[in-house]
Amino acid sequence: MRFSKSDGSNVFFDLLTTQANHLVRGAQLLARIHGARNEDRFNLRDELHEVEHLCDEALHELSSKINQTFVTPFDRDDLTFLAGKLDDCMDFMDEAGDLIVLYKVGDLPRGVVEQLNVIQRCADLTAQAMPKLKSLGGLRDYWIEINRLENEGDKAYRRVLSEVFDTYENAIEVIKVKDIVEALEKACDSFEGLANGIETIAIKES
């Protein structure tokens with residue numbers, strides 16, 4: 001038995017969409033942190049933390065709804081997976097922003113901008129895709145594009161690492177920058193993991 005469009009299943013899709021919209025805001029703030037002066041980064045980091053907390057709240061509310069609902073629009077494990085992956089994307093963006101501030105890094109390698117662009121595009125596409133879960137239609141282009149973007153992110157990540165080891169002589173600076181670009185790479189990977197999961201759900205539910 002599945003919900004019809006007229007019943008209470010919308011709350012699940014609304015909460016997933018809320019989480020995804022927080023990712024868009026988080027990606028924007030992360031890019032602003034990267035481009036800001038060190039003294040301006042603290043307030044932006046605090047804003048990013050606030051968005052991360054809002055994403056957590058949506059996750060907890062969705063988990064509560066799952067536990068209170070007898071029949072859910074998808075399998076409970078699938079809903080939990082989607083919410084968890086959205087939260088992972090936010091957590092890694094928050095981690096990257098926090099590290100930029102805590103490490104007091106100045107200019108980061110050029111490839112970091114490419115990583116940030118991939119993350120922002122992934123966040124936008126994810127926010128556009130979440131409402132389509134109601135019908136599971138029109139999602140194929142989404143997961144294909146996310147996979148393409150993740151490949152771009154992988155290439156940018158490898159270029160950044162190469163640049164770091166070629167240009168940074170201070171071992172501590174190497175470690176700092178490496179931590180940041182790895183957090184960005186994990187964010188890209190999480191977006192791909194979410195998209196792959198949505199593809200699997202769409203096939204299962206079709």
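Contact here means heavy atoms within 4.5 Å. With that in hand, take Asp154, which sits in helix 5 of this predicted model. Leaving out residues up to four places away in sequence, Asp154 touches Glu185 and Asp189. Asp154 is buried and yet has no salt bridge. Which side chain of opposite charge is nearest to Asp154? That would be Arg158, 4.8 Å away. A salt bridge needs a side-chain nitrogen of Lys or Arg within 4 Å of a carboxyl oxygen of Asp or Glu.

**The overall picture**

Stepping back, the protein chain has six helices and zero strands. Read from the N terminus, its elements go α-α-α-α-α-α. The radius of gyration is 18 Å, close to the 17 Å from the globule rule for 206 residues, so the chain is as compact as a globular protein of that length. Along the principal axes, the C-alpha trace spans about 60 × 30 × 20 Å.

How much of the protein chain counts as buried? The figure is 50% of the 206 residues. The accessible surface comes to about 10,000 Å², and 49% of that belongs to carbon and sulfur atoms. As for contacts between residues at least 6 apart in sequence, 84% join residues at least 24 apart.

**Two buried spots with distant partners**

Trp143 is another resident of helix 5, which covers residues 140-167. Is Trp143 buried or exposed? Its relative accessible area is 12%, so Trp143 counts as buried. Setting aside neighbours within four places in sequence, Trp143 is in contact with Ala195, Ile198, Glu199 and Ala202. The C-alpha atoms of Trp143 and Ala195 are 5.0 Å apart, although 52 residues separate the two along the chain.

Val24 offers a similar story in helix 1 (residues 10-35). Val24 is buried because its relative accessibility is 16%, and the cut-off for buried is under 20%. Its contacts, again not counting residues up to four places away in sequence, are Ala123, Asp124 and Ala127. Val24 and Ala127 are 103 residues apart along the chain, with 7.2 Å between their C-alpha atoms.

**Charges and salt bridges**

The protein chain carries 24 positive and 39 negative side chains, and the centres of the two sets lie 4 Å apart. The salt bridge count comes to 12. Here are three of the pairs, with their N to O distances:

| Positive residue | Negative residue | N to O distance |
|---|---|---|
| Arg37 | Glu39 | 3.6 Å |
| Arg45 | Asp46 | 3.2 Å |
| Lys178 | Glu182 | 2.6 Å |

The settings of these pairs are worth a look. Arg37 is exposed, with a relative accessible area of 54%, and Glu39 is exposed too, at 52%. Arg37 and Glu39 also belong to a network of salt bridges that takes in Asp40.

The Arg45 and Asp46 pair is a mixed case: Arg45 is buried, with a relative accessible area of 13%, whereas Asp46 counts as partly exposed at 35% relative accessibility.

What separates Lys178 and Glu182 within helix 6? They are four residues apart in that helix (residues 171-205), which means a separation of about one helical turn. Lys178 is partly exposed, with a relative accessible area of 27%, and Glu182 counts as partly exposed at 22% relative accessibility.

**Loops with a backbone twist**

Most residues other than glycine have a negative phi. Two loop residues are worth checking against that.

Lys104 lies in the loop between helix 3 (76-102) and helix 4 (111-129). Its phi is near 55 degrees, a positive value in a residue other than glycine. Lys104 counts as exposed, at 59% relative accessibility.

Where is Leu136? Leu136 is in the loop between helix 4 and helix 5. The phi of Leu136 is near 60 degrees, again positive in a residue other than glycine. At 22% relative accessibility, Leu136 counts as partly exposed.

Terms used:
Residues numbered from 1 in each chain as written. Predicted model: local features only at pLDDT ≥ 70, side-chain atom pairs only at ≥ 80, totals over all residues. Heavy atoms only, no water. Helix = DSSP H or I, 4+ residues; strand = E, 2+ residues; numbered from the N terminus. Buried < 20%, exposed > 50% of the residue type's maximum accessible area, 1.4 Å probe, protein only. Rg over C-alpha atoms; globule rule 2.2 N^0.38 Å. Areas by Shrake-Rupley, 256 points an atom, 1.4 Å probe, with all protein chains shown as cover. Lys, Arg positive; Asp, Glu negative; His and termini not counted. Charge placed at Lys NZ, Arg CZ, Asp CG, Glu CD.
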